[in-house]
Amino acid sequence: MASAPLPVYNSSPLENNSSSQNASRESLKMELLADVALLPGEERVIDKDLIYMCPFNGALKGKVFITNYRLYFRSTDMEPTVTLDVPLGVISRIEKMGGASSRGENSYGLDITCKDMRNLRFALKQEGHSRRDIFGELFKYAFPVSHGLQLFAYLSQEKFEENGWNVYNAIDEYRRQNLPNERWRISFANENYELCDTYPMHLVVPFKATDEDLRRVATFRSRGRIPVLSWIHRENQAVITRCSQPLVGMSGKRSKDDERYLDMVREANGTARLPIYDARPNVNAVANKATGGGYEGDDAYQNADLIFLDIHNIHVMRESLKKLKDIVYPNVEEAHWLSSLESTHWLEHIKLVLSGAIQVADKVSSGSSVVVHCSDGWDRTAQLTSLAMLMLDSHYRTLRGFQTLLEKEWISFGHKFTSRIGHGDKNHADQDRSPIFLQFIDCVWQMTKQFPTAFEFNERFLVTVLDHLYSCRFGTFLYNCESVRYSNNVRAKTVSLWSLINSDMAAYVNPFYTSESSHVLYPVASMRHLELWVNYYIRWNPRIRHQQSPVEQRYKELLALRDQYLKKLEELQLSDSTPSSTHLTNSSTPNASSPNQHITHLQTPF
């Protein structure tokens, strides 16, 4: 893509002659542009000769270029050339390595920790504070929010054929589910985000519940996140509702309004009992009473069954991913691989999340409505509801349907993306950071492995979603909730990730996909059936080759071959329709098969 002329800052001294300076600047600009196309709105900030301490190839001399969007490195002393292309949003931490008096080769430079399972180390010459300028610029543009600057999504001028912001409309999605109906209505009580500032504008609630009922219930639920409908089963009318914990506290407070409201949820499809799935371990739910939270006790909620799912909190998940990163980057130790992987507990957590979602999906499939919550209802709750919906509703397994699922259950219902990811924020030790969304995508990947024909999207799509979770190139995952996105005018001022995806859908389609409208998926959530997602977690190691199935590769080749043949056939049919070509064809090949016979023959193998 073409972009406006970029300012160039070269750290090496240039000659005094102005024409020589201009020539050097131009050659440097072309040098970068020859390797990587700058995005519209992306501008050059600084470049530097340095050494990349590559964990796989050793010390590599080269040049690093910093723009307002990325760090780009190209080696100059190795064939084939080694390159790095790192969006600045991926950077979690930048540290100075060594000092002016440090001894040892390549002991002075920069250490960069990334959010996508890799670390980078660059060495510079020790003379004259040579890292000061690059450290300052990199720190500023990697953490723009901490420096009062805009995230790149607001500077980008990219244009796409599709407008990804049109993918999701709440009312349209509820209509697809045949809502509202005689038992459920769409409430506009949160139109100005006054009922709950972290919920979306439009909420589906029991038909009998008035807006005043909703306001009273909100006072007894953490953050005002009342039980609202996420999904309804078309046949048995059972629903998945989501919310936060009740504010029971140490004194065991009760709310008649909340109890009556949950009865309305239960009665909406006429079941005798209402299962409440609390994502937390029992001991954590009890401990939450000390801070004013808690759970639905038997005495107060007599028609409910409380089930704890034992999924741990954001801090446990953060530590688990740190341990996983330690064993996969930069090197994988073969000798103790299985015990090392087990010690991270990562797959154990994946198992618990999947197992919880299976329980929710199974209960709804059997005709019972359910309530799902954790503490605040924006982390584990989102994992469970969206995975259960993915199991129950084949629409969400399509490319656009999955985008709708993310927009609905994660983005509009207030998963705290800014807090969990730390977009543009230098505070890498923030205790709010946690890989909750990554864990969900990992669960989805596990399902695609177990049901290879059930999902329209492929692995590349899932990796792309995770890459742009961090990149800050798009507005899709910015901010903590809908109300903040609304006040920051995200839809008007940034581009949606779905604009990129849906303008090139063929690249993200699973060639084995077969649509099955009523089939419920129940993955096996046992450690024997779960695997580490190597193509994501270990993708930076050049010794671990991308594991594409040879069957998938061959299938794609055959599809491409079929397309070529069909195109050729079309051309022959067109030429066959003209009088001269008809005469020529008939005279030269009197026994030629008809086009229809050709089509049948070509399509049979597929």
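This is a short chat about cysteines, cis prolines and unusual backbone angles in a predicted model.

Q: How many disulfides turn up in the whole structure?
A: Zero, from a search of the whole predicted structure.

Q: Take Cys481. Why no bond there?
A: The closest cysteine sulfur is in Cys196, and it lies 8.5 Å from the sulfur of Cys481, which is too far for a bond. A disulfide needs the two sulfur atoms within 2.5 Å.

Q: Is Cys481 buried or exposed?
A: Cys481 counts as buried, because its relative accessibility is 6%.

Q: And Cys472, buried or exposed?
A: Cys472 counts as buried too, at 5% relative accessibility.

Q: New topic: the peptide bond from Glu79 to Pro80, cis or trans?
A: That bond is cis, and its omega is near -5°.

Q: Where is Pro80?
A: Pro80 sits in the loop that runs between strand S3 (70-75) and strand S4 (83-87).

Q: What about the bond from Leu179 to Pro180?
A: The Leu179 to Pro180 bond is cis, with omega near 0°. Pro180 belongs to the loop between helix H3 (170-176) and strand S8 (184-187).

Q: Now Arg223. What is its phi?
A: Phi of Arg223 is near 60°, a positive value in a residue other than glycine. Arg223 lies in the loop between helix H4 (211-218) and strand S10 (228-232).

Q: Is Arg223 buried or exposed?
A: Exposed, because its relative accessible area is 53%.

Q: And Asp310, what is its phi?
A: About 65°, so a positive phi, although Asp310 is not a glycine. Asp310 is in the loop between strand S13 (304-308) and helix H7 (314-328), and at 39% relative accessibility it counts as partly exposed.

How values were computed:
Residues are numbered from 1 along each chain as its sequence is written. This is a predicted model: local features need pLDDT of at least 70, side-chain atom pairs count only at pLDDT 80 or more; totals for chains, interfaces and linings use all residues. Side-chain values use heavy atoms; hydrogens and water are left out. Buried means under 20% relative accessible area, exposed over 50%, partly exposed in between (1.4 Å probe, protein chains only). Helices (H or I, at least four residues) and strands (E, at least two) are DSSP runs, numbered from the N terminus.
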